[in-house]
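Subject: Structure handover

Hello,

Here is the structure we spoke about, with my notes below it. Please read the notes with the model open.

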Amino acid sequence: MDHSKLSFSKEVQEALRSGMPVVALESTIIAHGMPYPQNLETAFSVEHAVRKNGAVPATIAVLEGRMQVGCSSEQLEELSVSGKVMKLSRWNLPLALVSKKTGATTVAATMIIADLAGIRIFASGGIGGVHRMVEKSMDISADLTELAQTNVAVVASGVKAILDIPKTIEILETLGVPIITFGSDEFPAFYSRSSGIKAALRMNSASEIAGFLRAKWDIPLKGGVLIANPVPAVFNFPGKEMEKIIKQALAEAKNADVYGKDITPFLLSKIADITEGKSLDTNIALVKNNAALAASIAVNLRSEKTE
Ligand code: PSU
Ligand code: MN
């Protein structure tokens, strides 16, 4: 593995060297997905959730053109306050490197860097997917094609409810990306535990999930797995209530002519405004919950080397 392009925190480097379980964390959620200071508090508490469950957290970002695996408190703070941080996916990752820019990594870019570092498990909030009105915009997140080709499993609370969930699931199936729903018969809808869509594959334990990952990568089959973890019940938004709010946010996005990489951050922040911060509390709770599950899966996978 060529590590010359990567910068590691000491903790993550030692953890990887000694074969300890490591969980990758993304930084777009910090720089573009939540307001300050909740974004920074969340970055810290998500790392804490990983540690509490026996793994080492590695928050991934690009800092002045270097791919960073494991961020210090100061680096997390920089990502959370600076308004000039790029939003990086597969297409613009090289641009950040060559122009020595600082950028937050989406699910797609985080998977790429985690893979280079040899980290197989990654916790996020909700992956990107097929946007509503896709027939007009053709907006389909590069997170989906990344899951098809990069060997990293992503724990998320399904796909963001602002998206077209059934179409996103169909594309993942076409791309051969397995979707495992954790402890539920229904695929979760980010802010809501239920989506009305039956889970294709339900598993109830981290060891069962680790066994599935091993089976896939042992074949070997290229690509990731989406592990859909419903938000804890106390933070659940009833689906119908959330749907009205999303429609309102989508209408505002249309009026403001927001599209492309700005649409997801715009909608998340509108929804937080409309719900007076309640959706933000739910978002924070679900990321922490995903980090805890990801750590348990990483612990279970530890005995097996996949490289
Ligand atoms: N989950 C959250 N908040 C976020 C995201 C995920 O709770 O902000 C980010 C992820 O980084 C994901 C990105 O990759 O949103 C999707 O962006 P787009 O729709 O532009 O592909
Ligand atoms: Mn997009």
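Which element gives the largest share of the shell around ligand 1? It is α2, with three residues. Please keep in mind that this is a predicted model.

**The ligand site**

The shell around ligand 1 has 19 residues. Glu26, Lys87, Val107, Ser141 and Asp143 come nearest. By class, the shell divides into four nonpolar, 11 polar and four charged residues.

Three side chains make polar contacts that you should look at. Asp143 has a side-chain N or O atom 2.7 Å from an oxygen atom of ligand 1. For Asn283, the distance from a side-chain N or O atom to a ligand 1 oxygen is 2.9 Å. A polar side-chain atom of Lys160 lies 3.1 Å from an oxygen atom of ligand 1.

On its own, ligand 1 has 480 Å² of accessible area, and the protein covers 94% of that. Two elements give two or more residues each to the shell: α2 (28-33) and α12 (263-274).

**Salt bridges**

Side chains of opposite charge can pair when their charged atoms come close. The structure holds 10 salt bridges. I went through three of them.

Start with Lys10 and Glu14. Their side chains meet in a salt bridge at 3.7 Å, N to O. Both residues sit in helix α1 (residues 10-17), and because they are four residues apart, about one helical turn separates them. Is Lys10 buried or exposed? Lys10 counts as exposed, because its relative accessibility is 63% and the cut-off for exposed is over 50%. Glu14, at 43%, counts as partly exposed.

Next come Glu47 and Arg51. This salt bridge spans 3.6 Å, N to O. The two residues are again in one helix, α3 (residues 38-52), four residues apart, or about one turn. Glu47 has a relative accessibility of 8%, so Glu47 counts as buried. Arg51 is partly exposed, with a relative accessible area of 38%.

The third pair is Asp164 and Lys167. Their side chains meet at 2.9 Å, N to O. Asp164 counts as buried, at 16% relative accessibility. Lys167 is partly exposed, with a relative accessible area of 39%.

Which residues do shared salt-bridge partners join into one network? They are Glu11, Glu47 and Arg51. The Glu47 to Arg51 bridge described above thus has its two residues in that network.

**Strand β2**

Now turn to strand β2 (residues 22-25). Val22 and Ala24 point one way from the strand. Val23 and Leu25 point the other way. All four side chains belong to buried residues.

β2 pairs with two strands that I checked. With strand β3 (residues 56-63), β2 runs parallel, and four bridges join them. With strand β7 (residues 121-123), β2 also pairs in the parallel sense, over three bridges.

Where does Val23 fit in? In β3, Val23 stands opposite Pro57. In β7, the bridge partner of Val23 is Ile121. Val23 is therefore a good residue to centre the view on.

**Where to look**

For the ligand, begin with Asp143, at 2.7 Å from an oxygen atom of ligand 1. For the salt bridges, begin with Glu47, which is buried and belongs to the network with Glu11 and Arg51. For the strands, begin with Val23 and its partners Pro57 and Ile121.

Best wishes

Conventions. Residues numbered from 1 in each chain as written. Chains lettered and ligands numbered in written order. Predicted model: local features only at pLDDT ≥ 70, side-chain atom pairs only at ≥ 80, totals over all residues. Heavy atoms only, no water. Near = heavy atom within 4 Å. Polar contact = N/O pair within 3.5 Å; in protein donor to acceptor, adjacent residues only side chain to side chain. Areas by Shrake-Rupley, 256 points an atom, 1.4 Å probe, with all protein chains shown as cover. Nonpolar A, V, L, I, M, F, W, Y, C, P; charged D, E, K, R; others polar. Salt bridge = Lys/Arg side-chain N within 4 Å of Asp/Glu carboxyl O. Buried < 20%, exposed > 50% of the residue type's maximum accessible area, 1.4 Å probe, protein only. Pairing = 2+ DSSP bridges.
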